[in-house]
Amino acid sequence: MNISRIDLADAASPERLVLEILKHEPQLAIPVPIEELCLRLDILEIVPLTTDGYEGGLLTSADKFNGTILFNEASPRERRRFTIAHELGHFLMPSHVPSAEGRFLCKLQDMRALKGGESDRRLKMEVEANRFASQLLMPPPKFRVDVAVGNDPDIRQLSAIAKKYDVSKEAAGRAYVKFREEPVAIVVTQNGKVLRDYRDSLKFPQLSVPTGAMVPAHSLLLRRKHEIGVPSEIDETDAGVWLHVERGRQAAPLFEQVLLQRQGFALIMLSREAASGDDDEADEEAEMTSAQRLKRRLYPDR
């Protein structure tokens, strides 16, 4: 590895920084050797964090001559890798200035921040650091190819990709929904409650189930038994279970898949066919409620 910070002198945005890193390290291995890369870019050491309540941190001077990256050693390895990449982003972006104490301290929710307005400078920096970490650990030119493999969106494919890039399934899922051609949403739940969801808003509509609400009773998570760590089969689900469907419209098919995890967590993948849209023609079920349509499809003989 031959890259140095001089090679990144003209880069300021997360995307441009990653582009320059890939330009100077075209043979960068997958999974990306993030610690080795940090040391090449003037990070002196990567050490466990001793301050409770934080996922990562960066100690550096105002001129950012060099720095020390901190990580929560209690976190899984995949999450630690993302944290280290996130802190490297803070270090490399010229506009990211540490506080008066000369340090960034980042909580777990900072690592999940995806949107931040110009009015909240701190949040904006966290969002940019996350974009940098995601694209660095899952370089788009390679990630896009891996995501395109396979017939249908599938949690098994997502799990394999996460393993290949050595990132968490949730981090891989955030990138997966952007690069997969079909409209895909990833819903993170714990004990049946929706914690957060990831989707490309240009391809996948907003869910009708808000954060903090319980998973719908007719969702695949609740209507079937699942084994921890074993992805379910992909099942067609009434679109009205997860989406707003106007009365009189025939919603495009919605497919659902579940991966039950430890401690009550579960990933739910929702997907639709590429370029599918709702059929404007009212059908024979138009006057039924979503629950009635689902019951009719599940029990056609009744």
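**View 1. Helix α7 packs against the sheet in this predicted model.** Helix α7, covering residues 169-179, lies across four strands, namely β5, β6, β8 and β9. Its direction makes an angle of about 155° with β5. Helix α6 (residues 155-165) lies across β5 (184-190), β8 and β9, and runs at about 50° to β8.

**View 2. Five strands make up an open, antiparallel sheet.** Follow the strands across and you will meet them in the order β6-β5-β9-β8-β7. At the edges sit β6 (193-199) and β7 (235-237), each with pairing on one side only. From one strand to the next, the twist averages 30°. Look next at β8 (residues 254-260) and β9 (residues 265-271): six bridges join these two strands in the antiparallel sense. Within β8 and β9, a handy landmark is Glu-256, which stands opposite Leu-270 in β9.

**View 3. Phe-143, Tyr-165 and Phe-179 come together in one aromatic cluster.** The whole structure contains two aromatic pairs. In one of them, Phe-143 meets Tyr-165 edge-to-face, with 5.4 Å from centre to centre and 65° between the planes. This pair links distant parts of the chain, since Phe-143 belongs to helix α5 (residues 140-148) and Tyr-165 to helix α6, 22 residues apart. Both Phe-143 and Tyr-165 are buried. The ring centres of Phe-143 and Phe-179 are 5.7 Å apart and the planes stand at 65°, so this pair is edge-to-face. Here the link runs from helix α5 to helix α7, with Phe-143 and Phe-179 36 residues apart. How accessible are the rings at either end of this link, Phe-143 and Phe-179? Phe-143 has a relative accessible area of 0%, while Phe-179 is partly exposed at 26%.

**View 4. Arg-174 lies over the faces of two rings, Phe-82 and Tyr-198.** The distance to the ring centre is 5.4 Å for Phe-82 and 5.5 Å for Tyr-198.

**View 5. Ile-21 sits buried in helix α1.** Helix α1 spans residues 14-24, and Ile-21 within it has a relative accessible area of 0%. Which residues touch Ile-21, leaving aside its neighbours within four places in sequence? They are Ile-3, Leu-8, Leu-37, Phe-132 and Leu-136. Leu-136 is 115 residues away from Ile-21 along the chain, yet their C-alpha atoms are separated by 8.4 Å.

**View 6. Salt bridges join several parts of the chain, among them Arg-5 with Asp-42 and Arg-131 with Glu-15.** Side chains of opposite charge can pair when their charged atoms come close. In total, the structure holds 20 salt bridges. Arg-5 and Asp-42 meet at 3.5 Å, N to O. Arg-5 comes from the segment before α1 and Asp-42 from the loop between α2 (34-40) and β1 (43-48), so the bridge ties together parts 37 residues apart in sequence. Arg-5 is partly exposed at 23%, and Asp-42 is likewise partly exposed at 32%. Arg-131 and Glu-15 bring their closest N and O atoms to 2.9 Å. That bridge connects helix α4 (residues 121-137) with helix α1, its partners being 116 residues apart. Arg-131 has 32% relative accessibility and Glu-15 has 30%.

**View 7. Arg-180 and Glu-182 form a salt bridge between buried residues.** The closest N and O atoms of Arg-180 and Glu-182 are 2.6 Å apart. For a network rather than a single pair, turn to Arg-77, Glu-78, Arg-81 and Asp-166, which salt bridges link together.

Terms used. Residues are numbered from 1 along each chain as its sequence is written. This is a predicted model: local features need pLDDT of at least 70, side-chain atom pairs count only at pLDDT 80 or more; totals for chains, interfaces and linings use all residues. Side-chain values use heavy atoms; hydrogens and water are left out. Two strands pair if DSSP finds at least two bridges between them. Axes are lines fitted to C-alpha atoms, for helices over the stretch in contact, and angles run from 0 to 180 degrees between N-to-C directions. Contact means heavy atoms within 4.5 Å. Buried means under 20% relative accessible area, exposed over 50%, partly exposed in between (1.4 Å probe, protein chains only). Rings of Phe, Tyr and Trp (its six-membered ring) pair if their centres lie within 6.5 Å; planes under 30 degrees apart count as stacked, over 60 as edge-to-face and the rest as tilted. A charge sits over a ring if NZ of Lys or CZ of Arg is within 6 Å of the ring centre and within 35 degrees of the ring normal. A salt bridge is a side-chain nitrogen of Lys or Arg within 4 Å of a carboxyl oxygen of Asp or Glu.
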